[in-house]
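Work through these exercises with the structure open beside you. Try each task before you read its solution.

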Amino acid sequence: MKINHKNYSHLSFDLWLTLIKSNPEFKQKRNLLFKDFFEIEHGIERVNEVVRYYDVLCNNINEKTGLNIDTYEIYYLILAALNVDFDKNGTDRLKEFYGHTEELFLKYKPVLIYSDIEKMFKEVTNQGKSINILSNTAFIKGKVLRKILEHYDLVEYLKFQIYSDEVGFSKPNTEIFKLVFDEVNKYKKIEKKDVLHIGDNSIADYNGALKFGFDAHLLKI
């Protein structure tokens with residue numbers, strides 16, 4: 001990853017499709033689990049189609065509203081579209097399913113996009129600069145994404161991590177970028193121009209960061 005960061009004292013990174021990408025086996029196995037767990041009568045092709053539709057839709061809604069649609073709310077939208085009885089699937093049942101999903105996710109972990117990311121993080125922090133993660137979430141919650149970063153030995157280089165499901169805001173909402181700014185200012189005084197946010201999404205990452213007053217770098221993978 002080549003980023004010119006010499007004029008900045010703090011780097012903020014998106015996570016999905018910036019540092020990691022899904023294991024191709026995970027989504028396939030999760031959708032099969034969804035079909036079996038909720039006893040869905042439709043074929044797996046239809047399940048795949050509906051899950052993908054609501055994944056994209058909810059992401060777009062979050063970007064428009066700047067808020068965060070809960071994982072269980074996404075589940076219910078998918079179940080409704082697949083004609084599954086809500087009465088048989090309370091939140092306890094959804095929680096159980098999510099637990100199985102986490103197990104699958106940790107078994108079929110996302111992979112690093114750049115093999116040299118730890119080297120870059122080390123170089124940045126050795127220069128006295130700091131780093132954070134700022135990520136929107138959907139099906140996978142922030143608490144599990146933290147485990148992935150631990151697995152790849154990246155946590156030691158991070159000052160903090162912010163996930164939309166934990167704070168109730170999604171990028172490009174200026175409120176979530178303000179959380180980054182306020183958190184950095186707890187340990188060193190900076191101005192907005194001292195922060196560079198790096199991500200792959202032109203709306204959520206690039207435009208969102210610029211609107212708040214950070215500088216931004218749009219990754220093109």
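The exercises below deal with pockets, one helix and aromatic rings in a predicted model.

**Exercise 1. Describe the largest pocket: its volume, its lining and the helices that supply it.**

Solution.
- Step 1: Start with the space. The largest pocket holds about 750 Å³.
- Step 2: Look at the lining. It is made of 30 residues, and Trp16, Leu17, Asp55, Asn59 and Ala138 lie nearest the centre.
- Step 3: Sort the lining by class. There are twelve nonpolar, eight polar and ten charged residues.
- Step 4: Find the helices. H1 (24-37), H2 (44-65) and H9 (202-212) each give at least two residues to the lining. H2 supplies the largest share, seven residues.

**Exercise 2. Do the same for the second largest pocket: find its volume and its lining.**

Solution.
- Step 1: The volume is about 220 Å³.
- Step 2: The second largest pocket is lined by 13 residues. Nearest its centre lie Phe38, Glu39, Asn83, Val84 and Asp85.
- Step 3: By class, this lining has five nonpolar, three polar and five charged residues.

**Exercise 3. Compare the span of H2 with the expected one, then say which of its residues are buried and what covers them.**

Solution.
- Step 1: Count and span. H2 has 22 residues and reaches 31 Å from first C-alpha to last. At 1.5 Å a residue, 32 Å is expected, so the two values are close.
- Step 2: List the buried residues. They are Val47, Val50, Val51, Tyr54, Asp55, Cys58, Asn62 and Glu63.
- Step 3: Find the cover. It includes H1, H3 (71-81) and H9.
- Step 4: Check what follows the helix. Glycine 66 comes after H2, and its phi is positive, near 75°.

**Exercise 4. Classify two aromatic pairs and say which parts of the chain they tie together.**

Solution.
- Step 1: Take the total. The model has 18 aromatic pairs.
- Step 2: Take phenylalanine 13 and phenylalanine 121. Their centres are 5.1 Å apart and their planes meet at 55°, a tilted pair.
- Step 3: Place them. Phenylalanine 13 is in strand S1 (residues 10-13) and phenylalanine 121 is in helix H5 (residues 117-126), so the pair ties together parts 108 residues apart in sequence. Both rings belong to buried residues.
- Step 4: Take phenylalanine 37 and phenylalanine 97. The centres are 5.5 Å apart and the planes lie at 50°, so this pair is tilted.
- Step 5: Place these too. Phenylalanine 37 lies in H1 and phenylalanine 97 in H4 (residues 91-107), so parts 60 residues apart in sequence are tied together. Phenylalanine 37 and phenylalanine 97 are both buried.
- Step 6: Widen the view. Phe37 and Phe97 belong to one aromatic cluster with Phe34, Phe38, Tyr72, Tyr75 and Phe139.

Notes. Residues are numbered from 1 along each chain as its sequence is written. This is a predicted model: local features need pLDDT of at least 70, side-chain atom pairs count only at pLDDT 80 or more; totals for chains, interfaces and linings use all residues. Side-chain values use heavy atoms; hydrogens and water are left out. On a 1 Å grid over the protein atoms alone, a cavity is a set of points where a 1.4 Å probe fits but cannot get out, and a pocket is an open set with protein on both sides within 12 Å along at least five of seven lines; lining residues have an atom within 4 Å of a point. Grid points are joined across faces, edges and corners, and a volume is the space filled by probe spheres set on the points. Helices (H or I, at least four residues) and strands (E, at least two) are DSSP runs, numbered from the N terminus. Ala, Val, Leu, Ile, Met, Phe, Trp, Tyr, Cys and Pro count as nonpolar, Asp, Glu, Lys and Arg as charged, and the others, Gly among them, as polar. Buried means under 20% relative accessible area, exposed over 50%, partly exposed in between (1.4 Å probe, protein chains only). Contact means heavy atoms within 4.5 Å. Rings of Phe, Tyr and Trp (its six-membered ring) pair if their centres lie within 6.5 Å; planes under 30 degrees apart count as stacked, over 60 as edge-to-face and the rest as tilted.
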